[in-house]
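Hi,

Here is the structure I promised to pass on. Have a look at it first, and my notes follow underneath.

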Amino acid sequence: MGLFQKLFGLSPSPSKKNDGFFQTLTAYSPQFTSWSGYLYESALVRSSIDARARHISKLKIDIEGAAKPKLRTRFSQAPNEWQTWGQFLYRTSTILDMQNTTFIVPVFGAFGEVTGYFPVLPSRCEIIDYEGEPWLRYTFNNGQVASVELALCGIMTKFQYSDDFFGENNSALTDTMNLMTLHSQSIREAVKNSNTFRFMAQVNNFTKSDDLKKERERFNRENFQGEGGGLLLFPNTYQNVQQINANSFTTDAEQMKLIQTNVFNYFGVNEDILQNKAYGDAWQAFYEGAIEPFAIQFSDVMTKVIYTANERSNGNMIMLTANRLQYMSTTEKLDVSSQLSDRGILNRDDVRDIWNLPPIPNGEGQAYIIRGEYKNANDVNDDGGDGDAD
């Protein structure tokens with residue numbers, strides 16, 4: 001059984017006759033179509049998308065509440081039978097940056113129960129109306145079509161404006177991509193022209209075009225082929241011999257920096273993030289601007305898809321979290337560890353986690369410690385003495 005059958009083969013589906021498109025506020029025929037742009041073929045864009053996806057893949061999945069214990073047990077290990085949580089989050093982030101819309105569909109078991117979730121990349125998605133309920137109808141590049149209830153699927157979006165359900169495409173980046181392409185082409189042409197010598201000359205005593213053609217062929221054959229060795233010898237039939245200097249245009253450093261900045265601004269990264277130089281406050285800013293919004297949206301979407309309204313009201317939820325303290329400098333880690341552990345805010349395992357160390361066995365690291373000179377303010381008299389009477 002293939003992946004398509006695992007995802008959609010056992011899922012309930014509407015009959016071929018449906019009630020048309022699900023009517024929305026902004027479009028009677030709501031549909032998503034994957035953009036045919038060449039963003040991922042650019043090294044800079046791919047690196048920018050990869051930088052976000054790599055950090056997002058390190059987020060930790062936390063499941064709150066006791067509802068759906070079987071699914072909870074499966075989720076504690078992996079989101080589905082083919083991916084780890086890191087792979088799942090990496091691909092979800094990559095699809096979201098590339099298409100500005102990510103579809104997360106349920107994986108059904110042998111008896112129709114949901115056993116996991118998987119991010120899919122359809123070439124087209126439409127919202128159809130079947131018996132008064134919205135369904136998502138996916139069309140993939142290989143021509144396969146499948147339908148799943150909208151309530152069972154998660155949709156994550158970016159740049160959502162004109163459609164009630166789907167995000168915009170990345171056509172806003174087209175001009176920048178064209179400039180990057182022209183920049184690469186100009187470098188290639190400049191390298192080619194640097195190894196090319198061109199001359200022009202006036203040739204006398206030739207009146208027919210055929211004679212000129214034969215003379216050009218003879219000149220090339222005797223000077224550039226065989227034993228000519230590239231040594232140019234001009235007979236007296238040539239006059240006004242001049243070398244043609246081709247001046248190739250290449251993008252200067254300032255212009256290229258502007259192109260890079262456009263890409264960085266679009267995907268919310270910078271050069272330090274791409275080259276793994278960011279830590280401390282710089283990484284904290286990147287987390288809050290690029291990683292945390294993804295974590296919040298993913299948590300909200302998956303919580304709504306997995307749990308009913310009653311289960312959510314009872315505290316059941318899916319959350320993505322990260323230990324941001326791990327990205328501090330060594331000095332900052334040491335300061336936080338000492339200041340928060342001796343005040344009983346962090347236990348020993350929390351401190352070890354900051355330093356990427358495993359927890360202490362047998363749960364001994366869960367104990368909290370506090371410095372002896374600290375006292376409860378309510379236990380101190382106005383004169384600074386102890387509140388207990390002798």
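The largest cavity has a volume of about 40 Å³. Keep in mind that this is a predicted model. With a threshold of 30 Å³ or more, the count comes to one cavity. As background, rolling a probe the size of a water molecule over the atoms shows where empty space is left.

What lines it? Around the largest cavity you'll find Ile63, Ala67, Lys68, Leu71, Arg72, Phe75, Ile306, Tyr307 and Ile318. Helix 3 (residues 69–75) gives the largest share of that lining, with three residues. Sorted by class, the lining of the largest cavity has seven nonpolar residues and two charged ones, with no polar residues.

The other thing I looked at is helix 7 (residues 253–267). Its 15 residues should span 21 Å at 1.5 Å a residue, and the end C-alpha atoms are indeed 21 Å apart, so the two agree.

Which residues of helix 7 are buried? They are Met256, Ile259, Val263, Phe264, Tyr266 and Phe267. Looking down the axis of helix 7, these buried residues fall within an arc of 165 degrees, so they line one face of the helix. The general pattern behind this sort of thing: an α-helix has 3.6 residues a turn, so residues three or four places apart point the same way. On the other side of helix 7, the exposed residues are Glu254, Leu258 and Asn265.

One last detail for your backbone checks: Gly268, just after helix 7, takes a positive phi of about 70 degrees.

Cheers

How values were computed: Residues are numbered from 1 along each chain as its sequence is written. This is a predicted model: local features need pLDDT of at least 70, side-chain atom pairs count only at pLDDT 80 or more; totals for chains, interfaces and linings use all residues. Side-chain values use heavy atoms; hydrogens and water are left out. On a 1 Å grid over the protein atoms alone, a cavity is a set of points where a 1.4 Å probe fits but cannot get out, and a pocket is an open set with protein on both sides within 12 Å along at least five of seven lines; lining residues have an atom within 4 Å of a point. Grid points are joined across faces, edges and corners, and a volume is the space filled by probe spheres set on the points. Helices (H or I, at least four residues) and strands (E, at least two) are DSSP runs, numbered from the N terminus. Ala, Val, Leu, Ile, Met, Phe, Trp, Tyr, Cys and Pro count as nonpolar, Asp, Glu, Lys and Arg as charged, and the others, Gly among them, as polar. The expected span of a helix is 1.5 Å times one less than its number of residues. Buried means under 20% relative accessible area, exposed over 50%, partly exposed in between (1.4 Å probe, protein chains only). The arc is that of the directions from the helix axis to the C-beta atoms.
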